[in-house]
Amino acid sequence: MLSTKTADKQAKAIHQASKTPDNVSIKAQRMGFEFDEQVPQYWLENSHFLSHTMNALSVLFPQGEQFFVDSVRAFRDQINDPKLKAEVRGFIGQEAMHSLEHLAMNQHVRDQGMPVEDLEKHLTVVLDIAKKLPKRHQLAITCALEHLTAMMADMLLERDDIREGMHETMRPLWAWHAIEETEHKAVAYDVFQRVGGTYAERTFYLAFSTAALGVVGSYFTCRMMLNDAKRFSVADTTRGLWRLWGKNGTFSSLIPTWFSYFKPGYHPWDHDNSELIARFKAEIQSYIAPQYQSGNRKTLQ
């Protein structure tokens with residue numbers, strides 16, 4: 001029979017498995033975004049380069065988020081904290097909704113003549129290689145990529161200039177996605193910690209995953225720009241690169257946050273930005289399509 005002291009320690013460990021703030025609720029919501037002729041081809045700052053960069057990122061999401069779901073689900077039976085179990089269900093549901101909404105956006109990009117199907121095939125090859133890794137290593141990749149998406153989500157919600165550069169027909173999709181990435185930013189990490197993930201695993205795979213994402217994302221962007229070469233401009237590309245990597249750039253400004261992942265004892269909620277969720281969530285509800293306003297809980301569970 002367990003001693004009271006041992007039982008108390010185990011109860012405390014179970015209680016601490018989830019560190020998501022109590023004011024954050026992780027629930028799936030289908031939005032039903034539509035992308036039609038009102039969406040300009042160059043919807044981000046009217047830039048050929050920046051728009052294709054974000055289109056390329058969108059192509060990564062459906063398969064990438066299915067990989068996230070599978071890597072977390074592989075350990076779901078080992079989670080005995082009721083709060084974390086519920087958050088895993090919410091994480092799976094939210095990622096499913098992200099995939100569906102980005103599939104709709106990707107169809108819009110495909111309709112513009114972009115080689116979406118070819119890029120998806122390339123991504124399948126990359127992910128099939130990743131799936132040969134041990135399950136906990138796959139989860140470490142998910143934690144790393146969730147760190148990257150959480151960084152970008154925080155930036156998008158925090159910086160007015162980022163959102164204002166998006167055309168009004170695209171802004172709701174990316175704001176909604178950012179809200180939900182913020183809500184569930186710690187779920188994969190908490191599961192990873194709970195199942196014995198190590199510092200070496202998580203930090204190695206952050207470096208590895210960042211490099212892989214950089215290569216794949218850059219390749220996808222270049223392929224799209226080549227397919228749309230008539231609108232290529234050295235000046236636009238130079239301005240776009242500066243916008244991403246120059247002073248206070250979209251990506252360069254995230255470098256300190258990227259390094260925070262290497263801090264021993266790091267946790268995604270060390271930076272509590274839950275007030276951003278409260279600030280934007282009420283507004284984003286107005287963009288839910290009528291057929292989904294009562295809530296749609298179709299997930300990949």
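Here are a few worked exercises on helix packing, cysteines and some single residues in this predicted model.

**Exercise 1. Work out how helix α2 is oriented relative to helix α4, and which residues make the contact.**

Solution.
- Start with the ranges: α2 covers residues 48–73 and α4 covers residues 116–130.
- Next, get the geometry. The two axes are 9 Å apart, and the packing angle is about 25°.
- Now classify the angle. Anything under 35 degrees counts as roughly parallel, so α2 and α4 are roughly parallel to each other.
- Check the hand as well: the crossing of α2 and α4 is right-handed.
- Then list who touches whom. From α2 you get Val59, Leu60, Gln63, Gly64 and Phe67, and from α4 you get Val116, Leu119, Glu120, Leu123, Thr124, Leu127 and Ala130.
- Finally, sort these by class: the contact of α2 with α4 has 8 nonpolar, 3 polar and 1 charged residues.

**Exercise 2. Do the same job for α2 and helix α7.**

Solution.
- Helix α7 spans residues 171–183, and its axis comes within 14 Å of the α2 axis.
- The crossing angle of this pair is roughly 45°.
- An angle of 35 to 65 degrees falls outside the parallel and perpendicular classes, and α2 and α7 are therefore oblique to each other.
- As for the hand, the crossing of α2 and α7 is left-handed.
- On the α2 side, the contact uses Met54, Leu57, Ser58, Phe61 and Glu65. Across from them in α7 sit Trp174, His177 and Glu181.
- Splitting the contact of α2 with α7 by class gives 4 nonpolar, 2 polar and 2 charged residues.

**Exercise 3. Count the disulfides, then decide whether cysteine 143 and cysteine 222 are buried, partly exposed or exposed.**

Solution.
- A disulfide needs a pair of cysteine sulfur atoms within 2.5 Å. By that rule the count is 0 disulfides.
- Cysteine 143 has 4% relative accessibility, and the cut-off for buried is under 20%. So cysteine 143 counts as buried.
- Cysteine 222 comes in at 43% relative accessibility, so this residue counts as partly exposed.

**Exercise 4. Describe the surroundings of threonine 237.**

Solution.
- First, place the residue: threonine 237 belongs to helix α10, residues 234–245.
- Then check the accessibility. The relative accessible area of threonine 237 is 12%, so the residue is buried.
- Last, look for contacts, skipping residues up to four places away in sequence. What's left for threonine 237 is Phe49, Met225 and Phe232.

**Exercise 5. Take a tour of the loop between α1 and α2, stopping at aspartate 22, glutamate 45 and asparagine 46.**

Solution.
- Aspartate 22 lies in this loop, which follows α1 (4–15). With a relative accessible area of 75%, and exposed meaning over 50%, aspartate 22 is exposed.
- For a long-range check, pair aspartate 22 with glutamine 285. They are 263 residues apart along the chain, and their C-alpha atoms are separated by 21 Å.
- Glutamate 45 is in the loop too. Its phi is near 55°, a positive value in a residue that isn't glycine. The relative accessible area of glutamate 45 is 35%, so this residue is partly exposed.
- Asparagine 46 is another loop residue, and it also isn't a glycine, yet its phi is positive at about 55°. At 62% relative accessible area, asparagine 46 is exposed.

Methods: Residues numbered from 1 in each chain as written. Predicted model: local features only at pLDDT ≥ 70, side-chain atom pairs only at ≥ 80, totals over all residues. Heavy atoms only, no water. Axes fitted to C-alpha atoms, helices over the stretch in contact; angles between N-to-C directions. Helix = DSSP H or I, 4+ residues; strand = E, 2+ residues; numbered from the N terminus. Parallel < 35°, antiparallel > 145°, perpendicular 65-115°, else oblique. Left-handed = near helix turned anticlockwise from the far one by under 90°. Contact = heavy atoms within 4.5 Å. Nonpolar A, V, L, I, M, F, W, Y, C, P; charged D, E, K, R; others polar. Buried < 20%, exposed > 50% of the residue type's maximum accessible area, 1.4 Å probe, protein only.
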